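Hi there,

Here is the structure I promised to pass on. Have a look at it first, and then read on for what turned up in it.

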Amino acid sequence: MRLTSLSMMVIFLTTLVTCVQQPQETGGSAKGELGPPQGKPITAKLTYAPEVPPPINRQAPAKVVVELEVREVVMPISDGVDYTFWTFGGKVPGKFIRVRQGDTVEFHLRNHPDSKMPHNIDLHAVTGPGGGATSSFTAPGHESQFTFKALNQGLYVYHCATAPVGMHVANGMYGLILVEPPEGLEPVDREYYVMQGDFYTVGKYREKGLQPFDMQKAIEENATYVVFNGSEGALVGDNALPAKVGETIRLFVGNGGPNLVSSFHVIGEIFDKVYYEGGTRFQENVQTTLIPAGGAAIVEFLLEVPGTYILVDHSIFRAFNKGALGMLKSVGDDNLAVYSGKEVDSVYLADKAEETAAVAAAAKKLQAGKLTKEAQIAAGENLYKGTCSTCHQLNGEGLKGVFPPLAKADYLLADKRRAIEVILNGLTGPITVNNEQYNSVMPPMSQLNDDEIANILTYVNTAWGNKGQVVSADEVRGIRLGTKRPPGAAE
């Protein structure tokens with residue numbers, strides 16, 4: 001039967017619409033069957049965060065050998081605070097792994113002889129029972145080996161899955177593996193590796209010394225620290241991510257958890273693209289992206305103006321009071337048509353923007369019984385900038401009629417005990433300072449530890465011409481224990 005011209009047109013249009021409505025290829029397992037490995041085996045280049053291995057330029061699948069060693073190491077999680085991390089490769093997060101879709105990966109997992117626990121690895125990029133966990137249980141001093149084919153492209157988390165799984169993950173046992181599409185990712189100027197994790201210590205936030213893991217806090221999901229790349233300050237100051245105006249930045253962002261979802265945001269930038277959940281689809285013009293525990297995302301953005309861009313978990317108390325804050329520093333020419341403003345505001349960024357070595361040095365001297373007045377002043381100055389200077393100003397002059405001065409302030413210098421109580425318990429209502437009336441609110445500084453309050457007050461008592469007394473952590477501790485705590489002031 002012959003088709004009329006009209007019938008043929010209808011069939012053509014129907015076929016065209018059907019083709020247009022088909023979903024895009026998603027790099028699934030069928031696409032990952034790209035044939036056997038070609039050429040000699042390749043040893044994967046692995047990198048510590050924030051570095052990323054170079055893009056893969058191969059045109060054919062290969063056999064890629066990945067070698068990773070578990071180490072249990074004591075490292076700082078904050079200034080003066082140590083923690084026993086369990087790691088893939090000696091740092092948190094674990095080393096970044098980069099392979100090509102269709103590659104056959106021969107995985108070698110070693111557990112250092114000094115380890116006290118057995119470990120394994122579950123790679124979310126693996127198609128197979130346990131993501132490799134069932135094949136990689138490794139006792140201290142031993143090695144396991146298994147092989148998998150990278151069938152699905154995307155950015156995937158890997159982590160330890162030895163019981164108790166939550167404890168192993170909470171101690172830092174996670175990292176990222178990127179499975180590139182066969183054609184590779186679009187070129188960008190810089191790529192960085194950033195991974196969030198939540199940690200649970202017996203001591204409170206910034207309580208000094210070696211802090212043990214707290215299982216009950218972990219079960220209750222009450223994190224002491226939420227940090228990028230394994231420690232508070234890992235991406236600030238000299239460790240900030242470098243970049244230049246005009247460059248396109250790609251961040252491979254993971255969330256090891258074990259519990260908290262990340263609301264990842266870069267202050268002062270809008271993500272041009274977000275490959276959400278580490279997959280192959282992207283959203284455009286995104287301000288903040290959710291990254292689940294055990295998940296990842298790829299974010300890309302162009303830098304139009306110079307300055308310091310702040311990486312945060314926008315569950316914002318985590319950024320400023322638990323450690324989830326990093327920096328990307330862009331250098332280059334101003335573009336006043338896009339933005340006119342001052343460089344990074346050190347008061348707004350609190351002590352995260354400052355060199356904090358003095359805080360760690362004072363903590364070590366205190367633990368050794370060798371704390372000096374000079375060390376207290378240096379640490380206190382740093383802490384003052386981040387805790388007190390927003391209201392009382394860097395010069396201690398306060399804001400006339402609003403916030404009282406601390407420089408040559410009779411109210412402050414007259415009574416050391418009262419000064420400690422104000423910081424511990426807060427202060428509301430009218431007071432007279434240097435014959436002037438003030439009526440504002442000082443909230444309880446419950447996030448500060450005894451040594452931090454002592455160092456801040458010692459600095460304030462000796463700065464700006466003040467001639468006050470040295471304050472010790474023991475004095476603060478005694479007043480903390482001996483006074484009734486008001487609502488909102490932590491014990």
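Before the aromatic residues come up, one definition: the rings of Phe, Tyr and Trp (its six-membered ring) are called a pair if their centres lie within 6.5 Å. With that in hand, Phe228, Phe264, Phe271 and Phe301 form one aromatic cluster. Please keep in mind that this is a predicted model.

First, the overall picture. The chain has 491 residues, and 49% of them are buried. Its secondary structure comes to 12 helices and 23 strands. Taking contacts between residues at least 6 apart in sequence, 70% join residues that are at least 24 apart. About 22,900 Å² of the chain is exposed, with 55% of that supplied by carbon and sulfur atoms.

Now to the rings. Across the whole structure, a search finds 16 aromatic pairs. Phenylalanine 271 and phenylalanine 301, two members of the cluster, make one that is worth finding on your screen. Their ring centres are 6.1 Å apart and their planes meet at 40°, so the pair is tilted; that label covers angles that are neither under 30 degrees, which would be stacked, nor over 60, which would be edge-to-face. This pair links distant parts of the chain: phenylalanine 271 belongs to strand S16 (residues 271-275) and phenylalanine 301 to strand S19 (residues 295-302), with their positions 30 residues apart. Are these two rings buried or exposed? Phenylalanine 271 is buried, at a relative accessible area of 0%, and phenylalanine 301 also counts as buried, at 0%.

A tilted pair is also formed by tyrosine 384 and tyrosine 459, with 5.6 Å from centre to centre and 55° between the planes. Here the link is between helices: tyrosine 384 is in helix H7 (residues 373-387) and tyrosine 459 in helix H11 (residues 450-462), 75 residues apart. Tyrosine 384 has a relative accessible area of 1% and is buried. Tyrosine 459, at 10%, is buried too, because the cut-off for buried is under 20%.

Finally, two tyrosines have a charged partner over the ring. The charged end of lysine 91 sits over tyrosine 48, 4.7 Å from the centre of the ring. Over the face of tyrosine 411 lies arginine 418, at 3.8 Å from the ring centre.

Happy browsing, and best wishes!

Conventions:
Residues are numbered from 1 along each chain as its sequence is written. This is a predicted model: local features need pLDDT of at least 70, side-chain atom pairs count only at pLDDT 80 or more; totals for chains, interfaces and linings use all residues. Side-chain values use heavy atoms; hydrogens and water are left out. Helices (H or I, at least four residues) and strands (E, at least two) are DSSP runs, numbered from the N terminus. Buried means under 20% relative accessible area, exposed over 50%, partly exposed in between (1.4 Å probe, protein chains only). Contact means heavy atoms within 4.5 Å. Accessible areas come from the Shrake-Rupley method with a 1.4 Å probe; for residues, only the protein chains shown count as cover. A charge sits over a ring if NZ of Lys or CZ of Arg is within 6 Å of the ring centre and within 35 degrees of the ring normal.
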